[in-house]
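Me: I would like to go through this structure with you. Could we begin with the ligand and its surroundings?

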Amino acid sequence: MANVTACIDTATKQIAGALGLEKREARLEAQILASCALKVNRAWLIAHDQDVLTPTQADAVEALIARREQGEPVAYILGEKEFYGRLFRITPDVLIPRPETELLVEAALERLPKDRPAQVLDLGTGSGCVAVTLALERPDCEVSAVDMSITALEIARENAALLGAGHVRFIVSDWYAQLAPMNFDMIISNPPYIASDDPHLGKGDLRHEPLHALASGPAGMDAISTIVAGAQARLQPGGWLILEHGYDQAAACYDLICLAGLGQVFTLSDLAGQTRVTGGQWPGRR
Ligand code: GLN
């Protein structure tokens, strides 16, 4: 009968071997997955390292480790991912929230008018992490969250309810296509932006994420072009368009946004030093 330490050691070796991860990273994943299987926190694992697991407990841990060995992302196994300090429920129907996307949220929060409520549109909301975070950080603003996937919207709606953002509106739409005529103070999006033949799509966690949330045409620019092209007709004077994009797409996004007639165009870099967010403002004052 294995104790907790032996169980974590075995799981670490299995994960490191199957996925080629560093031992430290594999151990962390083993601990996270064991905590989930045993319904305890990681501190419990350390305090109870000599406890002998029951066969049922050992099986529960092994079942999750086996899924990870097959390459399933940890976040999908757990069914949740932290974003901007809150836990979001996720399934393989939605992209796993990334830390880089917190930069998009910060760029939005800095630019939302401070002195009045604003209308915000989040295009391609997925898990709802951007829309729900903005709605919770700025409860005075009205956030509309769009996705063409009904299953994604169900998850986003569930996250809004679980986290107390009851006032977000959810709309099934292919970008702007099904939106009622109305204009926004801000349009924000983390769209798919990977080139459809990018070999990364066949590797690691990306293999398990919805392709329509990742890839967008030969240069990865199709969704971004559609969003920029439709923005001016949907922005209030003085309204902002803010987009997340790939590490090598800042210049293309910058040009598209300028050509669409927006000003105050800016690009921001993420914590890894990659240019990641570009935006601009529709001229005029509200
Ligand atoms: N940043 C993600 C990645 O490269 C892609 C997310 C997206 O396409 N919006 O893994």
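Me: Which residues are around the ligand?
Reply: Please note that this is a predicted model. The ligand is surrounded by Leu 95, Arg 98, Glu 100, Asn 190, Pro 191, Pro 192, Tyr 193, Ile 194, Leu 206, Ala 213, Leu 214 and Glu 244.

Me: What is the distance from a nitrogen atom of the ligand to the side chain of Asn 190?
Reply: An N or O atom in the Asn 190 side chain lies 2.7 Å from a nitrogen atom of the ligand.

Me: And how far is Arg 98 from an oxygen atom of the ligand?
Reply: In the side chain of Arg 98, an N or O atom is 2.9 Å from a ligand oxygen atom.

Me: What about the backbone of Leu 214?
Reply: A polar backbone atom of Leu 214 is 3.4 Å from an oxygen atom of the ligand.

Me: How much of the ligand does the protein bury?
Reply: The ligand taken alone exposes 300 Å², and the protein buries 86% of that area.

Me: Which pocket does the ligand take up?
Reply: The ligand occupies the space of the largest pocket.

Me: Changing topic, what is the domain assignment?
Reply: The assignment gives domain 1 as residues 4-71 and domain 2 as residues 93-281.

Me: How far apart are the C-alpha centres of domain 1 and domain 2?
Reply: These C-alpha centres are separated by 35 Å.

Me: Now the cysteines: how many disulfides does a search of the whole structure find?
Reply: The search finds zero disulfides. Cys 36, for example, is in no disulfide, and the nearest cysteine sulfur, that of Cys 7, is 13 Å away.

Me: Is Cys 36 buried or exposed?
Reply: Cys 36 is partly exposed, with a relative accessible area of 32%.

Me: Why is there no bond from the sulfur of Cys 258 to the closest cysteine sulfur?
Reply: The closest one, in Cys 253, is 11 Å from the sulfur of Cys 258, which is too far for a bond. Cys 258 also counts as partly exposed, at 37% relative accessibility.

Technical notes
Residues numbered from 1 in each chain as written. Predicted model: local features only at pLDDT ≥ 70, side-chain atom pairs only at ≥ 80, totals over all residues. Heavy atoms only, no water. Domains from an automatic or database assignment. Disulfide = S-S within 2.5 Å. Buried < 20%, exposed > 50% of the residue type's maximum accessible area, 1.4 Å probe, protein only. Near = heavy atom within 4 Å. Polar contact = N/O pair within 3.5 Å; in protein donor to acceptor, adjacent residues only side chain to side chain. Areas by Shrake-Rupley, 256 points an atom, 1.4 Å probe, with all protein chains shown as cover. 1 Å grid on protein atoms, 1.4 Å probe; cavity = no way out; pocket = protein on both sides within 12 Å on 5 of 7 lines; lining within 4 Å. Sits in = over half its atoms within 2 Å of the grid points.
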